[in-house]
Structures are given as structure tokens and as C-alpha cells.
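Please take a moment to set the sequence beside the model before reading on. The paragraphs below lead from one helix to its chain, then across to the neighbouring chain.

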Amino acid sequence: MDFAMIFFILVGALSVGAAVGVVTSKIAVHSALFLLVHFATLAILYVTLNAQFLAAAQVIIYAGGIVILILFVIMLIGSGPMETRAAYRSWVPYAGLALGILMLAGVSLTLLQAPATPIDPEANQGGVPIVIGLTLYSQNILLVQLAAILLLVALIGALLLARRPKPEESPTSNLRS
Amino acid sequence: MDWFELIVIPTIRSLVLIVVLLTGFAYLTWYERKLLARFHVRYGPNRAGPFGLLQPVADAVKAVFKEEVIPNHVDKAVYVLAPALALIPALIIWAVIPIGKGFPAVADVPIGFLWILAVAGIESYGVILAGWSSNNNYSLLGALRSSAQMISYELPLGLFLISILLLAGDFSLVNLVEAPRAWWEWIWLWIMFPLFFICILAETNRSPFDLPETENELVAGFQTEYGGIKFALFFMAEYINMITTSAIMATLFFGGYRLPFGIGGEIMPWLGPFILAGKVVVLLFLFIWVRASLGRPRYDQLMRFSWKTLLPISLGYMIVTALLVVFFK
């Protein structure tokens, strides 16, 4: 067993442990912190796969953006231990487990069936931003634009939800008059 | 690769860097107190040693020997973790900053720029978690303010960084400093510098944007429940952040370790770190000058300025930069 393998096993174990911590810990902020550890270890694994751009993007978007927003929301709505007994359905964990096993089986099957071709040296340059940029904005430009439209729709939706109702539309002004 | 080259040398370089930064932090507190005193027409620290030079040592001894108090009502694990999480990003961002010709502080990675963005993104965790784990309303309010402020100012900061990236055309900071630039590129960069500096002030929670710790509204904000060496760690994080961001600004805007007009670059390459340090000291003076001169804005003013002024400007700047690069470079 060489150094890279030991490293992979250590980091992978940490990653899986953190993922288990996300779903098992009772305090929402602790879950968010475990999620942070999970994302960080994933980024480390990306670096070992020579995908440095992906690792940086992972940290910038997930660790730097999404987990902070999660923490922000938790702090805004209060952060006591989760009282989910009322909404608790006994079949939910089993359904989740079954779906997880199904997904694992699907991914493993695909990987095992794929022919073991030697790695294309050009494709293995995933760490270099120029290669990613050229691929993204030439071959996959349609997908990029679709994602952009999706984000724009989400943005407009958020604006609509957060908009203050106009005075004549608001129910309170009717009451007052 | 050789394990010696892979582990031992970066470790030694990191240790040297940490010692230099911690010393820099200690004397930055002295520098700031002396300068603030001059702005206020006072003397500042002048009892411990000549010119008060031993004051940082006295402060350090005091912080270390204070009793370590952990209040009963805190979330203990997160409470202890938070000061470390505040300090670590301030230190590790240095890994990619070039301190001499072709000589980064620890490693020249092809994604140096993204490293800075990524570490800047995780910088707010220490403050947020400190505020939450303290289980104190003032702390929580400070943490909420801090996270909202840092997220808001990260956007224009990121857009400005992308503009610099467009001009440089390379993700490596080592290449960025060495790359030749046309005169209009320098001017175009310097036009943006004041706005960039405002974003940096907000990102480092420095005055006038130190809303997360306003003493007249929130006691001490997120660090209300901290004392002794754990408080000192937050203090350290803030000041090392100042040094770090100054070094980044020196690298991005003022040629990093190089002298202006390319003087002496080839003759004395060992001068690089000292030239960078000199530029950092000048920029730190700017930080302290701003602190001594300007009052705090209200919180809503701060947020409105970011979203309604800085963000449109930075977007426009990025578009114009892209056009300039396409047509003139």
C-alpha cells in the first residue's frame, strides 16, 4: 500500500464520518459544521485527483457560500435541539437508506461496466482553469446558458417573494381605511 | 517525489512564516497604538522599554497568564474551536503570496488566485461560530451582522478580483507579479484600488466597518464571552488579517516584491521580502489612518452601500475590463 492509498483511506474515512455526523447530530449548527468538514475533505480528495480547479470551486461555493448561508438561517430561526417528533415519520429513515443503497449500487454498476480505458492526458488536465474554461464555453455552452437561465429565474423568484406588497394591495391598509 | 521535499521543507517555511507573522502582529498592535496616539495628540505606550517597544511582550504575558474562563452556558466544543477557526484562514492565505522572484511563501500552485478567494470565503466561520456558541444575545447579533456583512462585501470583492484576473490572464500570483503591464493597465487598476480597499475594510471587520463589535450597541459583539488567550486569538486573527490583506493588495496593485520601474530586481533578489514588507507597512498605515479619521456608518447604510453602490460598480468595472482586454491587449 503506497502513500497515496493510505492518504485516500484516511481522508475518505474522515469524509464518511463527517457525513454520518451530519445526519446523526441533534444540534443543527453541529450538523452544519460536519457538513463543512465533509466538503473540505471532498476538496482534498479532488486535489489528489489533480482537479485543483474543482477543489477550489468546491470550497468557494459550498464552504464559503452555502454552509455560511445555512448557519445564517439556523441563527435567524433559532437553534435549539431539533424538536421534530411531531413531523417524524417512522418509515423515513428506511426509505432514505433504501434510496442510498440504490444509488450506491447504480454508481458502482456504471463504474464497473465502464471499459478500463487509459486516461486521456488532455482530459486529465482538469486542474488547469484554461482547459476547463475552453471546454465549458465551447462544447458545453448550451448547458452553461441553461444553468444561467435557471439561476436568473431563481433570482427573480426570490425578488418576488421578498418584495414588499404595495400599499393599496396590502390587507392591513384595507383594515385601516 | 522525495518526502523531504514534500513535507520537511514546506513545514520549515510555514514555521518561519508563522513566527514572522506573529511577531508582525505583536508590533502591529504597538504601531497602531502609537499612530492612533499621534492622531489624537497623545504619546501612546511609552512605559515598557524605549518608545514602549516592550508593550506587546507585556500584553502577551498578560493574555497568556489570565485564568481561562469557559462560561457554563456555552456550547463548549464550538466555543473552543471558534478562535482557532478565526486565526487559521488568516495564516494559510499566505501560502501562495510571492515574497521574492519566483519564490512563493510556501507553494506556487496554478490556482493561487482561487486559493485567495476560497480562504476569504471561509474567513467568517470563526466569528459566526463564536457568536452562536456563546449563547448570548449580543454575541449572536454580532455574529449575524458579521456574516451578513462579509457575504455582502465578498461579492464586489470577488468581482474586482475577477477583473484583475482578466487583466493578468493567469491564476498564479507568482506570474502575476512578473508579468509586464502596459501603463493604461496600471491606471485602470489604481482607479479601482479605493473601492477594493473599502471591500477589504469590511471583510476584515476593521473600523469604520467594525459593526460586529460595536461597543455602544453590542458590548463587544461576537467576542463578548471570550477572555484571556482566546480573546487574544481573535485579536490576533484580526491583525494578521490586516497584514495578510495588505500583502495581497501590495501584490495585486503595487508590484509585490518588486521596486518601481524595475530597479534592482536582478541585482539583489534577496531584497524582495523587505520591499514587500515596506509596502505592507505603508498600507497598514492606511488602515490605521482610516480608523482614526472616520466614524462608523449605521448598519443599514453599510448594507445598502454594498448592494446598491459597490455591486453595480464592480459589475460595470468587470464588463469594461473584459472589453479593454479583448480590444487592447
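How far apart are the end C-alpha atoms of helix H4 (residues 92–113) of chain A, and what should its 22 residues span at 1.5 Å a residue? The end C-alpha atoms of H4(A) are 32 Å apart, which agrees with the expected 32 Å, the expected span being 1.5 Å times one less than the number of residues. This is a predicted model, in which local features need pLDDT of at least 70 and side-chain atom pairs count only at pLDDT 80 or more, while totals for chains, interfaces and linings use all residues. Residues are numbered from 1 along each chain as its sequence is written, and chains are lettered from A and ligands numbered from 1 in the order in which they are written.

Of the 22 residues of H4(A), 0 are buried, so this helix lies largely in the open; a residue is buried if 20 or more other C-beta atoms lie within 10 Å of its own, exposed if 12 or fewer, and partly exposed in between, with C-beta atoms placed from the backbone. For chain A, 15% of the 177 residues count as buried. Chain A has 7 helices and 0 strands, where helices (H or I, at least four residues) and strands (E, at least two) are DSSP runs numbered from the N terminus.

Chain A also meets chain B: 17 residues of chain A are in contact with 19 residues of chain B, contact meaning that C-beta atoms, placed from the backbone, lie within 7 Å. On the chain A side, helix H3 (residues 52–76) contributes the largest share, 12 residues, and the residues of that side divide into 12 nonpolar, 5 polar and no charged. Here Ala, Val, Leu, Ile, Met, Phe, Trp, Tyr, Cys and Pro count as nonpolar, Asp, Glu, Lys and Arg as charged, and the others, Gly among them, as polar.

Within chain B, the axes of helix H6 (residues 137–168) and helix H12 (residues 299–328) come within 8 Å and cross at roughly 15 degrees. H6(B) and H12(B) are therefore roughly parallel to each other, a term for angles under 35 degrees. The residues of this contact between H6(B) and H12(B) divide into 20 nonpolar, 6 polar and 1 charged.

Elsewhere in chain B, Ile229(B) lies in helix H10 (residues 228–253) and is partly exposed, with 17 other C-beta atoms within 10 Å. Leaving aside neighbours within four places in sequence, Ile229(B) is in contact with Ala63(B) and Val64(B).

Technical notes
Axes are lines fitted to C-alpha atoms, for helices over the stretch in contact, and angles run from 0 to 180 degrees between N-to-C directions. Angles under 35 degrees count as roughly parallel, over 145 as roughly antiparallel, 65 to 115 as roughly perpendicular and the rest as oblique. Two residues are in contact if their C-beta atoms, placed from the backbone, lie within 7 Å.
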